[in-house]
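The following exercises concern a predicted model of a protein chain. Please attempt each task before reading its solution.

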Amino acid sequence: MPAPVLYERGDARDEALSAPHVASLASDDELTVAAELFELSTDEYWAWLTTLVDEGSDLDQELDELLDRIYACEPSFYNLSGRRRLQELLTELHEARAAVRAYEYDVEELTYVFTRAEVMEGGAAENADMALSQIKATYNRAYDLCLYKLDRIGSAWITASNFLISIVMLIVTILFWMEFR
């Protein structure tokens, strides 16, 4: 079952701004800001910031729930379904990376607009930056934990294989010694 789309680029901007402003915006990968954005009222700027911070909070909550599922997944190394479950969680994390990057792009855009428009104080976008840093920290913790657990499973298989090889070598050595005794 594919994970739901967490956040797409421009979500906060599209929700906060009126239709004429949103229609004039480009949606390519470059950081382009239409001139119309500089003519927003102070309330529209605040609505954009508030919506961005709220959506960042929602994204962080989704990533936190994913992190909790990774913490809860404690499969044994020989449990193939548990390993598959960890792989699925890692795939969800890879899909969530697009949402984190989209949010990062929107925070950069908001910061750029706030700086260029000069209608807001310079630190107004710091809340969005703090939300972004929290999202990145949660994502990194989840990703590192998932990789750690997968690595631990791989190491357990190596240890089990080495143990089995040692037992086989011991038996062969004993049989060889008994043959020539």
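**Exercise 1.** Determine which helix holds Phe163, and whether this residue is buried or exposed.

*Solution.*
Step 1. Phe163 is located in helix H5, which covers residues 126–179.
Step 2. The relative accessibility of Phe163 is 58%. A residue counts as exposed over 50%, and therefore Phe163 is classed as exposed.
Step 3. Phe163 also belongs to a nonpolar surface patch, together with Ile167, Leu170, Ile171, Ile174, Leu175, Trp177 and Met178. The accessible area of these residues together is about 850 Å².

**Exercise 2.** Identify the residues that gather in the patch of negative charge, and describe the setting of Glu65.

*Solution.*
Step 1. The surface patch of negative charge consists of Asp54, Asp58, Glu62, Asp64, Glu65 and Asp68.
Step 2. Glu65 is part of helix H3, residues 42–72.
Step 3. Because its relative accessibility is 38%, Glu65 counts as partly exposed.

**Exercise 3.** State how many aromatic pairs the structure holds, and analyse the one between Tyr139 and Tyr143.

*Solution.*
Step 1. There are two aromatic pairs in the structure. One of them joins Tyr139 and Tyr143, with 6.0 Å from centre to centre and 15° between the planes.
Step 2. Planes under 30 degrees apart count as stacked, so the pair of Tyr139 and Tyr143 is stacked.
Step 3. Both residues lie in helix H5; they are four residues apart, which is about one turn of the helix.
Step 4. Tyr139 has a relative accessible area of 9% and is therefore buried, whereas Tyr143, at 23%, is partly exposed.

**Exercise 4.** State how many salt bridges the structure holds, and explain which parts of the chain are tied together by Arg69 and Glu92.

*Solution.*
Step 1. The structure contains three salt bridges.
Step 2. In one of them, Arg69 pairs with Glu92, and their closest N and O atoms are 2.3 Å apart.
Step 3. Arg69 belongs to helix H3 and Glu92 to helix H4 (residues 80–117), so this pair ties together parts that are 23 residues apart in sequence.
Step 4. Arg69 has 35% relative accessibility and therefore counts as partly exposed.

**Exercise 5.** Describe where the partners lie in the salt bridge of Glu88 and Arg85, and in that of Glu104 and Lys136.

*Solution.*
Step 1. Between Glu88 and Arg85, the closest N and O atoms are 3.4 Å apart. Both residues are in helix H4, three residues apart, or about one turn of the helix.
Step 2. Glu88 is partly exposed at 44% relative accessibility, and Arg85 is partly exposed with a relative accessible area of 30%.
Step 3. The side chains of Glu104 and Lys136 form a salt bridge with an N to O distance of 2.8 Å. This pair links distant parts of the chain, since Glu104 is in helix H4 and Lys136 in helix H5, 32 residues apart.
Step 4. Glu104 counts as partly exposed at 22% relative accessibility, and Lys136 counts as partly exposed at 31%.

**Exercise 6.** Summarise the chain by its helices and strands, and by its share of buried residues.

*Solution.*
Step 1. The chain has five helices and zero strands, and its pattern along the sequence is α-α-α-α-α.
Step 2. Of the 181 residues in the chain, 34% are buried.

Definitions and conventions: Residues numbered from 1 in each chain as written. Predicted model: local features only at pLDDT ≥ 70, side-chain atom pairs only at ≥ 80, totals over all residues. Heavy atoms only, no water. Patch = residues over 30% accessible without salt bridge, like charges linked within 9 Å, V, L, I, M, F, W, Y side chains within 5 Å. Areas by Shrake-Rupley, 256 points an atom, 1.4 Å probe, with all protein chains shown as cover. Salt bridge = Lys/Arg side-chain N within 4 Å of Asp/Glu carboxyl O. Lys, Arg positive; Asp, Glu negative; His and termini not counted. Charge placed at Lys NZ, Arg CZ, Asp CG, Glu CD. Helix = DSSP H or I, 4+ residues; strand = E, 2+ residues; numbered from the N terminus. Buried < 20%, exposed > 50% of the residue type's maximum accessible area, 1.4 Å probe, protein only. Phe/Tyr/Trp six-rings, centres within 6.5 Å; stacked < 30°, edge-to-face > 60°.
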